Structure formats: C-alpha cells, structure tokens
Amino acid sequence: MKQQINVANAPAAIGPYSQGILSGNLAFLSGQLPINPATKAMPEGITAQAKQSLENVKAVLAGEGFTLQDVVKTTVYLQNMDDFAAMNAVYAEYFSTPFPARSAFEVARLPMGALVEIECIACKG
C-alpha cells in the first residue's frame with residue numbers, strides 16, 4: 001500500500017507528482033529543488049541551494065516522522081559537476097556516519113534553472 005506524503009513546510013510539487021510516497025517503513029522522496037517554501041524563491045549559488053534542497057528533504061521526511069538518520073540512499077543532480085565539492089561540503093553538514101549510499105550526476109538542466117536537486121529513500125527500523 002502506498003500513501004502520499006504532503007507537507008506544508010516544503011515546496012509543493014510543480015508537476016503531476018508527489019513530494020514523496022510512503023510504502024510500509026519506506027519513504028521515497030521526489031527530487032527536492034532549492035525552493036524556499038515561504039518565499040517560493042531559490043537562493044543564489046550552489047552552497048545556499050544545496051542547503052535549501054536538504055532543508056526541504058528534511059521537512060518532507062519529518063512530515064512522516066523520519067529523520068536524516070533514516071536516509072539509506074540519495075541521488076544528487078547537479079547542473080555543473082564543478083559544484084560537486086561545494087555541494088559535498090554542505091551534504092557533510094547534514095549526514096553523518098554511516099552515510100547513506102549516494103549517486104551524483106551532472107545534468108544538462110534542472111527545473112526552474114536550479115543548480116541542484118536532491119532525492120532520497122528513507123527507512124524506519
């Protein structure tokens with residue numbers, strides 16, 4: 001059985017998808033763009049955008065009682081792989097050992113001109 005995750009303190013979906021889906025003890029989060037849910041704007045620069053994306057991940061997870069410690073896998077999409085080190089520095093502030101498994105890709109474009117988008121899978125228990 002699957003249940004939609006929909007929290008008010010994270011950006012609403014900008015298309016026909018859910019912020020996330022809960023299935024049993026797993027949460028599958030859609031990619032979180034660096035949109036500030038209060039202002040609907042994106043901050044400037046990769047550091048601020050990575051931080052906002054991770055804050056949005058955190059908010060969606062919290063809506064279903066998950067924390068960043070429950071994250072088992074992340075996927076990071078970067079508009080420019082030259083931003084990898086800066087994103088990695090921010091990422092290390094949010095996750096601790098054992099770090100989630102992760103993939104990172106450079107993509108041609110991201111929605112709304114974002115520099116980064118981060119999705120994850122989390123597991124309780």
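**Fold, salt bridge and a helix contact in a predicted model**

Q: In this predicted model, what pattern does the protein chain follow when read along the sequence?
A: The secondary structure of the protein chain comes to two helices and six strands. Read along the sequence, these elements follow the pattern β-β-β-α-β-α-β-β.

Q: What is the radius of gyration of the protein chain?
A: The C-alpha trace spans about 40 × 30 × 25 Å along its principal axes. For 125 residues the globule rule gives 14 Å, and the chain comes close to that value, so it is as compact as a globular protein of that length, with a radius of gyration of 13 Å.

Q: Which residue forms a salt bridge with Glu55?
A: A search of the whole structure finds one salt bridge, and the pairing requires a side-chain nitrogen within 4 Å of a carboxyl oxygen. The closest N and O atoms of the pair are 3.8 Å apart. Glu55 and its partner lie three residues apart in helix H1 (residues 46–62), and are therefore separated by about one helical turn. Glu55 is partly exposed at a relative accessible area of 29%, and the partner, partly exposed at 36%, is Lys58.

Q: Which residues does Ala86 touch, not counting those up to four places away in sequence?
A: Ala86 is found in helix H2 (residues 84–94) and counts as partly exposed, at 26% relative accessibility. Its C-alpha atom is separated by 6.8 Å from that of a residue 40 positions away along the chain. With residues up to four places away left out, Ala86 touches Ile46 and Thr47.

Technical notes
Residues are numbered from 1 along each chain as its sequence is written. This is a predicted model: local features need pLDDT of at least 70, side-chain atom pairs count only at pLDDT 80 or more; totals for chains, interfaces and linings use all residues. Side-chain values use heavy atoms; hydrogens and water are left out. Helices (H or I, at least four residues) and strands (E, at least two) are DSSP runs, numbered from the N terminus. Buried means under 20% relative accessible area, exposed over 50%, partly exposed in between (1.4 Å probe, protein chains only). Contact means heavy atoms within 4.5 Å. The radius of gyration is taken over C-alpha atoms; the globule rule is 2.2 Å times the number of residues to the power 0.38.
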